Amino acid sequence: MSIEEKWKKFEKHIKVPEVAGRWLNLIYTDDLVITKDFIYPDTNTKLRPGIGKKGVKMPGGPQYIVIHDTGMPAITDDAKGLNKYIHDQANSPDGRVASWHFSIDDKDLFQHVPTDEIAWHAGDGSRKYGEKAYNFKTEKYDIGGGNHNGIGIETCINPTNDYELTLKRTAKLVAMLLYKYNLELDRIKQHYDFSSKNCPNIIRSTKGLWESFLEDCRIQYILMPLGVRVKWEIDKPDIIKPSGKVITPIHDTYVNIKAHVTIDNETRTYEYKTLVKGISDEEKIIKSFYELYLSVIPKRANHDINLPSELTTYKTKLKWKSSHPNIISDAGKYNKPEKPTWIKLTAIIESGEIASEKEFTIKIF
Ligand SMILES: [Zn+2]
């Protein structure tokens, strides 16, 4: 492929849309460093089938890449922690019979079992590749070959990790494995496909995340042979993170993104601009109400009350009405009542085209 064809291919497949969704498919091209630390289960021989340093080869070789997540986000659920866990299990006679090939997080990547050996992670027992089983619980056919022919990847969910970045790195690992074993993109599967277990849990419960991950895998798969390197530069990283995760801002915001792309020692810079939609007018009104309730309007008062005409955080407009204007006027002016009196202040909160009334009860004395 000529150098110009490579650039054309890059331009065709890297897209930053005019309006951002929840994730942008910013390709991850840093090196993946795989730390190979294989388990040698001399005692727990079911964990990695075989004894000592010899496992059991997958019959027919790898056919699937099986994506998992660690489910429970404990602090130890990072790649290092999982590597320690699987070694502890392998070295214990009553260790859990579970094994997988890779554990990956936002910085580390460990390999526990050679990629062409059977491991136990997909919950489909010894069901063969191509063999289906009806699952009465989910009323679908679970496919086979998850354990026997699937390379299991645990994506680590951890409160201190950036899970989107973990998935970006996983997409690169997946593309590498697809090339290594000459597999197509349709061989990327969820644990769920083999045994109906709700795994990978976060991906399955986050609408659109699996599709976004598959798109990352697809872009990796297409661009990997070009040897492309991209350094992303984002002018508002609090709204679009380098991993492509979009954080909804309060107001509609344009974000400028630069891609410094290197192919065959030549670097070019591409510039993109994308609109990130802010929160809705309804949400701005609700949030304005909370701000007023929590930090502006007192619960009791014997003085003037500051009734703002605007909240700068949400750019909402406010109008006020008092139930007892002789005690607290619509402008917040105080007149001492004869006895302590509960009054009602109504705020008309406006954002964009919509307005909503919210009430505050205050004891005036
Ligand atoms: Zn799983």
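## Close-up views of a predicted model

**View 1. One side of helix α8 is turned inward.** In this predicted model, the buried residues of α8 are Lys284, Ile285, Ser288 and Leu292. Looking down the axis of α8, these buried residues stay within an arc of 100 degrees, so they line one face of the helix. Among the elements that cover them are the strands β13 (310–311), β14 (316–322), β15 (341–351) and β16 (354–364). The length of α8 makes sense too: at 1.5 Å a residue, its 15 residues (281–295) should span 21 Å, and the end C-alpha atoms are indeed 21 Å apart.

**View 2. An aromatic cluster brings together Phe289, Tyr290, Tyr293, Trp320 and Phe360.** Within this group, the rings of Phe289 and Tyr290 have centres 5.9 Å apart and planes at 40 degrees, so this pair is tilted. Tyr290 counts as partly exposed because its relative accessibility is 47%. Phe289 has a charged companion as well: Lys358 lies over the face of its ring, 5.8 Å from the ring centre.

**View 3. Tyr134 and Phe136 form one of the aromatic pairs.** The structure holds twelve aromatic pairs. Here the ring centres of Tyr134 and Phe136 are 4.9 Å apart with the planes at 80 degrees, so the pair is edge-to-face. How accessible is Tyr134? Its relative accessibility is 37%, so Tyr134 counts as partly exposed. Phe136 is exposed, with a relative accessible area of 70%.

**View 4. Three side chains hold the zinc ion.** The ion is coordinated by ND1 of His68, ND1 of His191 and SG of Cys199, at 2.1 to 2.3 Å. Along the chain, these donors follow the spacing H-x122-H-x7-C. Both His191 and Cys199 are buried. Stay with Cys199 for a moment: a cis peptide bond joins Cys199 to Pro200, with omega at about 0 degrees. Most peptide bonds, by contrast, are trans. Pro200 itself lies in the loop between α5 (191–195) and α6 (201–205).

**View 5. Helix α1 has a buried face and exposed lysines.** Lys6, Trp7, Phe10 and His13 are the buried residues in this helix, which runs over residues 3–13. Down the axis of α1 they fall within an arc of 140 degrees, so they line one face of the helix. Lys8 and Lys12, on the other side of α1, are exposed. The buried residues of α1 pack against helix α7 (209–223) and the strands β9 (229–234), β10 (253–263) and β11 (266–276).

**View 6. Ser212 sits in helix α7.** Is Ser212 buried or exposed? Its relative accessible area is 10%, so Ser212 is buried. Beyond its neighbours within four places in sequence, Ser212 is in contact with Trp23 and Asn25.

**View 7. Two loop residues, Glu139 and Asn182, have a positive phi.** Most residues other than glycine have a negative phi. Glu139, in the loop between β5 (133–135) and β6 (140–142), has a phi of about 55 degrees. Glu139 is exposed, at 61% relative accessible area. Asn182 is placed in the loop between α4 (163–180) and β8 (188–190), and its phi is near 55 degrees. Asn182 is exposed, with a relative accessible area of 71%.

**View 8. A lysine lies over a tyrosine ring.** Lys140 is placed over the face of Tyr192, at 4.4 Å from the ring centre.

Notes: Residues numbered from 1 in each chain as written. Heavy atoms only, no water. Donors = N, O, S within 2.8 Å, 3.2 Å for Na, K, Ca; no water. Buried < 20%, exposed > 50% of the residue type's maximum accessible area, 1.4 Å probe, protein only. Helix = DSSP H or I, 4+ residues; strand = E, 2+ residues; numbered from the N terminus. Expected span 1.5 Å × (residues − 1). Arc of directions from axis to C-beta. Contact = heavy atoms within 4.5 Å. Phe/Tyr/Trp six-rings, centres within 6.5 Å; stacked < 30°, edge-to-face > 60°. Lys NZ or Arg CZ within 6 Å of the ring centre and 35° of its normal.
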